Amino acid sequence: MKVIAINSSPMMDQGNTALILGPFIEGIREAGAKIELFHTKKLAIKPCQGCGNCWLKTPGRCSLDDDMSALLPRLADADLWILVSPVYVDGITGPMKNLMDRIIPLLMPFLELRDGHCRHLLRKGTKRGQVVLVSSCGGFEMDNFEPLLVHMKAFSKNVAREFKGSLLRPHALALKPMIKEGESLEDIFTAAKETGKQLVKNGQMPAEALRTIERNMMPRETYLRIVNQTFQQALDAL
Ligand SMILES: Cc1cc2nc3c(=O)[nH]c(=O)nc-3n(C[C@H](O)[C@H](O)[C@H](O)COP(=O)(O)O)c2cc1C
């Protein structure tokens with residue numbers, strides 16, 4: 001199984017989302033899959049110009065010459081895409097959207113009917129694999145992820161991939177302070193690793209492990225108080 005993970009958090013390995021992504025990747029690797037991790041912050045990926053050249057002038061090749069040229073064949077060949085984005089103003093990050101728009105050369109202009117819906121044909125050599133979303137957010141509630149989930153599910157259909165599910169970590173601003181205080185979050189990280197292992201071994205992400213990853217870490221009122229206190233202290237220190 002070939003896996004490509006693309007983290008679009010500008011915080012990269014130091015971010016909250018990486019705290020979930022790290023053990024997930026570890027589990028995938030331990031289960032024997034080949035995985036490559038990229039950070040959009042380290043890549044030059046310009047926004048799509050909408051010129052249509054990748055469909056009609058140079059089929060399969062984008063006119064823009066940047067890091068997407070090296071990424072596209074890897075994406076075409078990967079069984080699983082792990083798309084990683086924190087919630088940014090109720091959506092994915094800008095760099096992740098740029099990357100997703102630039103996937104268009106893997107499709108062709110021709111339409112077919114797929115599950116009763118007009119879809120673009122996949123270009124020859126592009127696998128029909130799977131997609132997993134890994135995300136974290138600063139809001140307390142799980143509904144902060146809804147716009148991303150709607151988008152990722154639609155995107156997966158668009159590129160003829162199966163959306164396998166998501167590893168979601170709400171009220172993620174509490175993660176690092178809780179780790180610093182020595183509070184036990186091991187069950188969350190172990191569940192992320194187990195999810196990676198099971199995905200490779202059995203092709204499924206266990207529902208119970210996903211629930212553990214997104215479990216409440218404290219009452220909502222406590223989270224509000226701690227977040228507000230922390231921000232006030234930071235401003236007072238200016
Ligand atoms: C520009 C920006 C916009 C954000 N918008 C939201 C939002 O709409 N909803 C939310 O719950 N969290 C929002 N957050 C918080 C992040 O999703 C949260 O801190 C996340 O854990 C960051 O992950 P990272 O450290 O991996 O980058 C936003 C953060 C930034 C910097």
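Me: A residue counts as buried if 20 or more other C-beta atoms lie within 10 Å of its own, as exposed if 12 or fewer do, and as partly exposed in between, with C-beta atoms placed from the backbone. On that scale, is Gln204 buried or exposed?

Reply: This is a predicted model, in which local features need pLDDT of at least 70 and side-chain atom pairs count only at pLDDT 80 or more, while totals for chains, interfaces and linings use all residues. Residues are numbered from 1 along each chain as its sequence is written. Gln204 is found in the loop between helix 7 and helix 8, where helices (H or I, at least four residues) and strands (E, at least two) are DSSP runs numbered from the N terminus. Because 11 other C-beta atoms lie within 10 Å of Gln204, the residue is exposed.

Me: How far apart in space are Gln204 and Lys164, C-alpha to C-alpha?

Reply: With neighbours within four places in sequence left aside, Gln204 is in contact (C-beta atoms, placed from the backbone, within 7 Å) with Gln198 and Leu199. Gln204 and Lys164 are separated by 40 residues in sequence, but the C-alpha to C-alpha separation is 7.6 Å.

Me: Which elements are included in what covers the buried residues of helix 7?

Reply: Helix 7 runs over residues 186-202 and reaches 23 Å from its first C-alpha to its last, close to the expected 24 Å, the expected span being 1.5 Å times one less than the number of residues. Its buried residues are Ile188, Ala191, Ala192, Lys193, Thr195, Gly196, Lys197 and Leu199. The cover over these buried residues includes helix 1, strand 7 and helix 8.

Me: By what angle are neighbouring strands of the open sheet turned against each other on average, direction ignored?

Reply: The open sheet consists of 5 strands in the order 2-1-3-6-7, with parallel pairing, where two strands pair if DSSP finds at least two bridges between them. At its edges stand strand 2 (34-39) and strand 7 (162-169), each pairing on one side only. With axes taken as lines fitted to C-alpha atoms and angles running from 0 to 180 degrees between N-to-C directions, the average turn between neighbouring strands, direction ignored, is 15°.

Me: Which residue of strand 6 stands opposite Leu83?

Reply: Strand 3 (residues 80-84) and strand 6 (residues 130-136) pair in the parallel sense over 5 bridges. Opposite Leu83, in strand 6, stands Leu133.

Me: How many residues of strand 4 are buried?

Reply: Strand 4 pairs with strand 5 (residues 117-122) in the antiparallel sense over 5 bridges, and Leu113 has Cys118 of strand 5 as its bridge partner. In this hairpin, with 2 residues between the strands, Asp115 takes a positive phi near 50°. Strand 4 (residues 107-114) has 8 residues and lies largely in the open, because the number of them that are buried is 0.

Me: Is Ala160, which is not a glycine but has a positive phi, exposed or partly exposed?

Reply: Ala160, with a phi of about 60°, is found in the loop between helix 5 (146-158) and strand 7. Since 18 other C-beta atoms lie within 10 Å of Ala160, the residue is partly exposed.

Me: Which helix contributes the largest share of the shell around the ligand?

Reply: There are 18 residues around the ligand, and Gly15, Thr17, Pro86, Gly138 and Gly139 come nearest, a residue being near if its C-beta atom, placed from the backbone, lies within 6 Å. The largest share of this shell is 3 residues, and they come from helix 1.

How values were computed
Contact = placed C-beta atoms within 7 Å.
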